[in-house]
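Subject: Structure handover

Hello,

Here is the structure for you to look over. My notes on what was found follow below.

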Amino acid sequence: MDVLRPLVLACALAATALCAQAADKVKVGFVSTLSGPSAALGVDIRDGFLLAVKLNGGKLGGLPADVLVSDDQFKPDVARQLFERNVKRDKVDFMTGVVFSNIMLAALPEAIDNQVIYLSPNAAPSPMAGKECNPLFFAVSWPNDAYHEAAGAFANQRGLKNVYLVAPNYQAGKDSLGGFKRTFKGQVAGEVYTKLGQLDYAPELAEIRAAKPQALYIFLPGGMGINFIKQFVAAGLSRDIMLLLPGFSADQDVIGAVGTPMAGLFNTAHWSPDLANAANRKFVAEFEKEYKRTPTLYASQGYDTARLIDAAVRDTKGKLEDKQAVRAALRAAHFESVRGAFKFNTNQYPIQNYYVRTVGSDGKGGLVNKSFNEPILKDHGDAYAQQCKMPR
């Protein structure tokens, strides 16, 4: 026994590849918004994530997976408490699930301070892409600015000269309009930041009517976007003003809630249900079979997040205590993404394609997004990577 003590002590001091033992299971803390007006977003991320685990036979990387799902109730303090519980009491190997940037930024320190890797299936704020980047944070979705940079490029392509901008007053809202302005070459006719969670937009619509822009671009996820689009159409503004949307404001949950006024609207996204790759075809078919609905981009992000964890656990042979090895395996991203081409930038944010989608007939009496063949932005990273000094 005495002969073994030096090795035991070394392993206790540093979880090296030599000392790390394969785990007998993978524990994932999944915290998301699963109730309230924005619940559909968290539900879709959850359903996509759990579908990937189910298709893997209940395993991630060949190990039994224990996914601890909880509802942050759209409250930063609740999310922080849930993160603390998952990290300190449940001893999870990974954290994931949060929808909104403000909630994630409030809860994330509980994971980072306790050396638990967080994989974001949605929220990807600009500070975390730049100077505040962290080795334990991976954005598996898209940088907060990216959809909006793609929308600005599309507005140029359409020859638009002036656009009015609306977003909620929080980090992702500011990133969104900043992204649009970064690529748009025309004039901003107006820029308004609304209350996060706002559902009545009568004052904003009156201001838009008075400004008479050629087009309106909004960043209003979940119930905010659904209510805004309904009120925009009901006010008769759609007859004179072109409405441009980021992908999540024209996603399947919004289409289902708004209905026929969505037909013909353009939006930008990194994923579409009709992307022609084998991983995506399988995902869409299995999601529709399991949940009896068309997946949203949120569901696709949850699915990819689970598949990325699966690849990292597999490639490290389950040695989850070796954080350096797990990080290297995550950065390598050896999995087939439903979005097609995907790799991580030096700041652990994605480099990928962005497409223009239009809402059209699904051939079954409903509406669905269909992508243009060529991406509007190809192999696109973010504007902040050079500010990130990421330790390897």
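**Strand 7 and its neighbours**

Strand 7 is covered on both faces: Asn162, Tyr164, Val166 and Pro168 are buried on one side, and Val163, Leu165 and Ala167 on the other. Buried here means under 20% relative accessible area, with exposed being over 50% and partly exposed in between (1.4 Å probe, protein chains only). Helices (H or I, at least four residues) and strands (E, at least two) are DSSP runs, numbered from the N terminus.

Before going further, the basis: this is a predicted model, in which local features need pLDDT of at least 70 and side-chain atom pairs count only at pLDDT 80 or more, while totals for chains, interfaces and linings use all residues. Residues are numbered from 1 along each chain as its sequence is written, and side-chain values use heavy atoms, with hydrogens and water left out.

Seven of the seven residues of strand 7 are buried, so this strand is largely enclosed by the rest of the structure. Strand 7 runs parallel to strand 8 (residues 187-194), with seven bridges between them; two strands count as paired if DSSP finds at least two bridges between them. Tyr164 has Gly190 of strand 8 as its bridge partner. Strand 7 also runs parallel to strand 9, through four bridges, and there Leu165 stands opposite Tyr217. With helix 7 (residues 171-183) in between, strands 7 and 8 make a right-handed β-α-β unit. Right-handed means that, with the strands pointing away from the viewer, the path from the first strand over the helix to the second runs clockwise.

**Helices 6 and 9**

Helix 6 (residues 146-157) has 12 residues and reaches 17 Å from first to last C-alpha, close to the 16 Å expected; the expected span is 1.5 Å times one less than the number of residues. In helix 6, 10 of the 12 residues are buried, so the helix is largely enclosed by the rest of the structure. Among them are Tyr147, His148, Glu149 and Phe154. Gly159, just after helix 6, takes a positive phi of about 75°.

Helix 9 (residues 223-234) also has 12 residues, and its end C-alpha atoms are 16 Å apart, which agrees with the expected 16 Å. Its buried residues are Gly223, Met224, Gly225, Ile226, Phe228, Ile229 and Phe232. The elements covering them include strand 7 (162-168), helix 8 (202-211), strand 9 (215-218), strand 10 (242-246) and helix 10 (252-258), where contact means heavy atoms within 4.5 Å. Just after helix 9, Gly236 has a positive phi of about 80°.

**The six-stranded sheet**

An open sheet of mixed pairing is formed by six strands in the order 2-3-1-4-5-6. Its edges are strand 2 (59-60) and strand 6 (137-139), each pairing on one side only. Strand 2 is antiparallel to strand 3 (residues 63-71), joined by two bridges, and Leu60 has Leu63 as its bridge partner.

**Disulfide**

There is one disulfide, taking a pair of cysteine sulfur atoms within 2.5 Å as the criterion. This disulfide joins Cys133 to Cys388, S to S 2.1 Å. Cys133 lies in the loop between helix 5 (126-129) and strand 6, and Cys388 in the segment after strand 15 (377-380), so the pair ties together parts 255 residues apart in sequence. The torsion about the S-S bond is about 90°, so the disulfide is right-handed. Both Cys133 and Cys388 are buried.

**Annotation**

The unreviewed UniProt entry annotates residues 25-364 as "domain: Leucine-binding protein". UniProt positions are in the numbering used here, feature names are shortened, and annotations may be inferred rather than shown by experiment. Over residues 25-364 the chain is 42% helix and 21% strand, with the end C-alpha atoms 43 Å apart.

Regards
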